[in-house]
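Student: Please take a close look at the salt bridges in this model. I would like each pair placed in the structure, with its burial.

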Amino acid sequence: MGPGEDSGVRERQRERASALQLGLIGVVASAIGIAIGLAIDWFPTAASTQADEIDTLWDVLIVASVPVFVLVQAVVLYCVWKFRMRPGQEMQDGPPIHGNTRLEVIWTVIPAVLILGLCTYAYIVLTDIEEAQANEMTINVVGQQFTWTFEYPSGNGVVRSTQLYLPENQPVRFQVRSEDVIHDFWVPAFRMKVDAVPGLTTSYRVTADRLGTYPVVCAELCGLGHAYMRQTANVVTRPQFDRKLQELRRGAPQGTGAGQSGSAGQAGAEGEGATGQGQAADGKAVFAAQGCGGCHTLADAGASGTTGPNLDEVLEARDAEKIREDIVDPGKEIAEGFANGIMPGNYSALPPAELDALVDYLEEQSR
Ligand code: CUA
């Protein structure tokens, strides 16, 4: 064996040792990465039958993507460290490398198989959780700057609500529209979201299976008030839902016209514990339930929002009539220093009793 062959063998041995070292680091780092990825509690409490499959899908994606991430990072960092420039090598360049067919086939086939497999799996999950159910209920969701309105079919009209109410274990199909720009209707606890696109009706299905209240958010940057486009999804029992719908129907202008004055009492923020006939709804509770404090400052309500005018300052100059106009037709008179269109225009859909109570409450605060 000549001295040339000898150094060639040693070179190959060194390369194999490097590859082995790199592979070992990759396996250990992947295992740690997957363990961390699976241990992290990524999502809020699940509240729909769709959530389980989505959460499993997420875990599978973690298991599939963490090793890829780790492999790429390991190769980059390992090479930076192992093949770094040493003193005296400043002007040198490494030997040129030409095509390596086996390597190219491997790095094309593996990602292609991975992506195809994951896409197929995700497609199966999506069609499975979106399957139409018998006794499905349709709720229209309307997005506008910066609020959601929920419409329930009622007779030959609709009943509107600024909060979402869902009966437990009832399959629901949301039909989502937008009045202005693109929004995105998302209830993280349900794991489902879809864009609200002007001129289109998009939809998804959810069966809420856990009583409680969950945030409804907008997941598409839609303007100055985007961050405040948050409401509440109330998953309630069937009797509670029926009662709520009846309340909304009585309060709504397009309702059945039963017109019972009792609605004044029952239309308080949550309708619970109200005493009926003649008693005024609690305006302060309406203020809280409608999330007014998210945008307005009002000391009495413990609110400190700054998106809209400070009510501790501006109410003084407003009487009941003006206050009502500010709520139902916010574009008519814009407070100085604030842009038009930030205050949602859908508060005119508030049940009249709640609106009256809110106006009364705010007028009290102006004195
Ligand atoms: Cu609507 Cu963001």
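**Salt bridges and their surroundings**

Tutor: Asp-326 has a relative accessible area of 25%, so this residue counts as partly exposed. The model is a predicted one. The side chain of Asp-326 meets that of Arg-318 in a salt bridge, with an N to O distance of 2.8 Å. Arg-318 is at 17% relative accessibility and therefore counts as buried, because the cut-off for buried is under 20%. The pair does not stand alone: salt bridges with shared partners join Arg-318, Lys-322, Asp-326 and Glu-333 into one network.

The search over the whole structure gives 12 salt bridges. Two others can be described in detail.

One of them links Glu-151 and Arg-177, whose closest N and O atoms are 3.7 Å apart. Glu-151 belongs to strand S2 (residues 147–154) and Arg-177 to strand S5 (residues 171–178), so this contact ties together parts that are 26 residues apart in sequence. As for burial, Glu-151 has a relative accessible area of 7% and is buried. Arg-177, at 27% relative accessibility, is partly exposed.

The other is formed by the side chains of Glu-11 and Arg-14, at 3.3 Å from N to O. Both residues are in helix H1 (residues 3–39), and because they are three residues apart there, about one helical turn separates them. Glu-11 is partly exposed, its relative accessible area being 37%. Arg-14 counts as exposed, at 52% relative accessibility; the cut-off for exposed is over 50%.

Charge pairing has a simple basis: side chains of opposite charge can pair when their charged atoms come close.

For contrast in chemistry, there is also a nonpolar patch on the surface. This patch covers about 790 Å² and is made by Val-68, Val-72, Val-76, Leu-77, Val-80, Ile-106, Ile-110, Leu-114 and Ile-115. Helix H2 (51–82) and helix H3 (101–129) are the elements that give two or more residues to the patch. H2 gives the most, with five residues. Val-76, one of the patch residues, is found in helix H2 and counts as partly exposed, at 45% relative accessibility. That value fits the patch criterion, because patch residues need over 30% relative accessible area.

Conventions
Residues are numbered from 1 along each chain as its sequence is written. This is a predicted model: local features need pLDDT of at least 70, side-chain atom pairs count only at pLDDT 80 or more; totals for chains, interfaces and linings use all residues. Side-chain values use heavy atoms; hydrogens and water are left out. Patches are made of residues with over 30% relative accessible area and no salt bridge: like charges are joined within 9 Å, nonpolar side chains (Val, Leu, Ile, Met, Phe, Trp, Tyr) within 5 Å. Accessible areas come from the Shrake-Rupley method with a 1.4 Å probe; for residues, only the protein chains shown count as cover. A salt bridge is a side-chain nitrogen of Lys or Arg within 4 Å of a carboxyl oxygen of Asp or Glu. Helices (H or I, at least four residues) and strands (E, at least two) are DSSP runs, numbered from the N terminus. Buried means under 20% relative accessible area, exposed over 50%, partly exposed in between (1.4 Å probe, protein chains only).
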